[in-house]
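Student: Could you take me through one part of this protein at close range, and then show me how that part sits in the whole? I would like the cut-offs behind each term as well.

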Amino acid sequence: MAAATPAQLLLAELTCSVCLDYFKDPVSLACGHHFCQACITQCWEGLSADFPCPECRETFSRRNLKPNRQLRNIVDASRKLTLESAKEPDVETVCDKHKENLKVFCQKDQTLICVVCHLSQDHKGHPAVLIEEAAEDYKKQIRSRLESLKKESEEILTFKLSGENKSPELLKQLQTEKQKIVAEFQQLRQFLEEQERHLLAQLEELKKEIGKGRAEYVAKLSEELSSFSSLISELEQKCQQPASEFLQDIKGTLSRCEREKFQNSGAFSSDLKWRLWESSQRNASLETIVQKFKDSLSSRQRLDKANVTLDPHTAHPQLIVSADRKSVRLGCTRQDLPDNPERFDPAPCVLGCEGFTSGRHYWEVEGGAGGVCDVGVARASVSRKGRISLNSEQGVWAVESREDQYWAHTSPEQRIRFPPSSAPRRIRVYLDYEQGQVSFFNAGTGDPIVTFPPASFAGERIRPFFGAVGSSARLTLCP
């Protein structure tokens, strides 16, 4: 992008970073930043203490807004200057080749030409219109893109504020978890001293990652916001130019509009929320550990990511298991496979090779863009033949995904609906054998989907469970 002109730099200084428009009744904060009075009032709506600056995030104990009359006068003068410039008559340019006025716009070559050029061999047969008509058409396109850019700019600001606000919330939860851990370990100081040091070190590392993640996330969004602000300023001034000047390099202007697309990589706190949840789960189970910690502490504290593979001997004949046993899809026809007792039929299901009789484990599964998919766990003794009811009474704990909706196979079934843009495609399955707990999470954000009521596995082996219905149904185990 070209360097900003002095006029653009001046406009940036006279623009509110919240509404991205000229300051209206500008006020100043103690940190030196300026905002429209209405914008800062809206940002602080609902707050009774700790009022943050939207730009530098410095926090103030009370509302202290100082009207900036000098800045308001400069803004008013700049507005008048801009309006007077817009009223200046168009400067009619002349064709270098024919010395005729440029009154026609060649739509094919996207360039200004004279009437003689339009009749010449170079532009013969090319569609062309008067420059005023062309300018109006392109202005409509620019205005449409301008609105889109402004909306994206507002989205960036929302993501920026959200990311900044999540950090204190996570740190507050972190502090609470730290206090719980210290309190519990005081009762088991002699035996659990090594475990306490390990957990506190993990929390301290997580604290550093939160700070680092926040800084990187906010810096990226600030950079995106600055880029969009400069482009918006450039386009607004472009729209105020005379038609002949406006159409100069219109192709390049449109290209820059198309190129500036905000790509949100997702909130930085996804993995941190999951890890913080892990810490909370460890702490919640300490009361049980106190009673029988000597023979179960090590297995309860370890959270293993299971390397799950699919067992083709249990797969329904119409299910196609990949060679590496990491994905499964529903085929068009039944395969000629032996009808062994382990194989599901007619239910289109398959089990994982692995089985668990103790410990805490998790794995992640990615679903296809369509079809109906079931993901969860099942008892090793689950019925393989005939109609199967996917519920805990029959030995299955699973959720069903269908587009942006999920059903938890409980009694009665729970329906969890997500906005289409945020429906999880990657699901984390969590199993705590001793606690009899089965939970599901959105692996992309770390947010919980559903947790089943505690169950008693009674020493029986629990295996990963998968189901696929529909030609586009596909499940893949994530590495």
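Tutor: Here is a walk that starts at one strand and moves outward from there.

First, some ground rules: this is a predicted model, in which local features need pLDDT of at least 70 and side-chain atom pairs count only at pLDDT 80 or more, while totals for chains, interfaces and linings use all residues. Residues are numbered from 1 along each chain as its sequence is written, and side-chain values use heavy atoms, with hydrogens and water left out.

Let's look at strand β18, residues 426-432. Strands here are DSSP runs of E with at least two residues, helices are runs of H or I with at least four, and both are numbered from the N terminus. Six of the seven residues of β18 are buried, so the strand is largely enclosed by the rest of the structure. Buried means under 20% relative accessible area, exposed means over 50%, and partly exposed lies in between, using a 1.4 Å probe and protein chains only.

What does β18 pair with? Seven bridges join strand β13 (residues 360-367) to β18, and the two run antiparallel. Two strands count as paired if DSSP finds at least two bridges between them. In this pairing, V429 of β18 stands opposite W363. Strand β19 (residues 437-442) is also joined to β18, by six bridges and again antiparallel. There, Y430 has S439 of β19 as its bridge partner. The hairpin of β18 and β19 has four residues between the strands, and G436 takes a positive phi near 65° in it.

Now follow W363, the residue opposite V429. Setting aside residues up to four places away in sequence, W363 touches A306, V308, F356, G376, V377, I427, R428, V429, P464, F466 and L477; contact means heavy atoms within 4.5 Å. W363 also belongs to the largest nonpolar core, which has 34 residues, and together with F440 and F466 it touches the most other members. Such a core is a set of buried Ala, Val, Leu, Ile, Met, Phe, Trp, Tyr and Cys residues joined through side-chain atoms within 4.5 Å. A second, separate core has 33 residues, with Y217, L225, L231 and C257 included. As background, nonpolar side chains in soluble globular proteins tend to be buried together.

Stepping back to the whole, the protein has 10 helices and 22 strands. Of its 479 residues, 44% are buried. Among contacts with a separation of 6 or more, 64% are between residues 24 or more positions apart. The protein exposes about 26000 Å², with 49% of that supplied by carbon and sulfur atoms; these areas come from the Shrake-Rupley method with a 1.4 Å probe, and for residues only the protein chains shown count as cover.

A few other places are worth a visit. S327 is found in strand β11 (residues 327-330) and, at 8% relative accessibility, counts as buried. Leaving out residues up to four places away in sequence, S327 touches L310, I320, V321, S322, R474, L475 and T476.

K385 gives a loop example, placed between β14 (372-379) and β15 (396-402). K385 is partly exposed, with a relative accessible area of 34%. Apart from residues up to four places away in sequence, K385 touches D339, N340, P341, R343 and D345. R343 is 42 residues from K385 in sequence, and their C-alpha atoms are 7.7 Å apart. The side chain of K385 reaches the backbone oxygen of N340 at 3.2 Å.

Elsewhere, an open sheet of three strands has the order β2-β1-β5, with antiparallel pairing. Its edges are β2 (34-36) and β5 (66-67), each with a single partner strand, so one side of each is left without a neighbour in the sheet. Three bridges join β1 (residues 26-28) to β2, and V27 has F35 in β2 as its bridge partner.

Finally, the cysteines: the structure holds zero disulfides, a disulfide being a pair of cysteine sulfur atoms within 2.5 Å. C16 is in no disulfide, and the nearest cysteine sulfur, that of C36, is 3.9 Å away. C16 is buried, with a relative accessible area of 0%. C117 is in no disulfide either, with the nearest cysteine sulfur, that of C114, 3.5 Å away. C117 is buried too, at a relative accessible area of 9%.

Notes: Polar contact = N/O pair within 3.5 Å; in protein donor to acceptor, adjacent residues only side chain to side chain.
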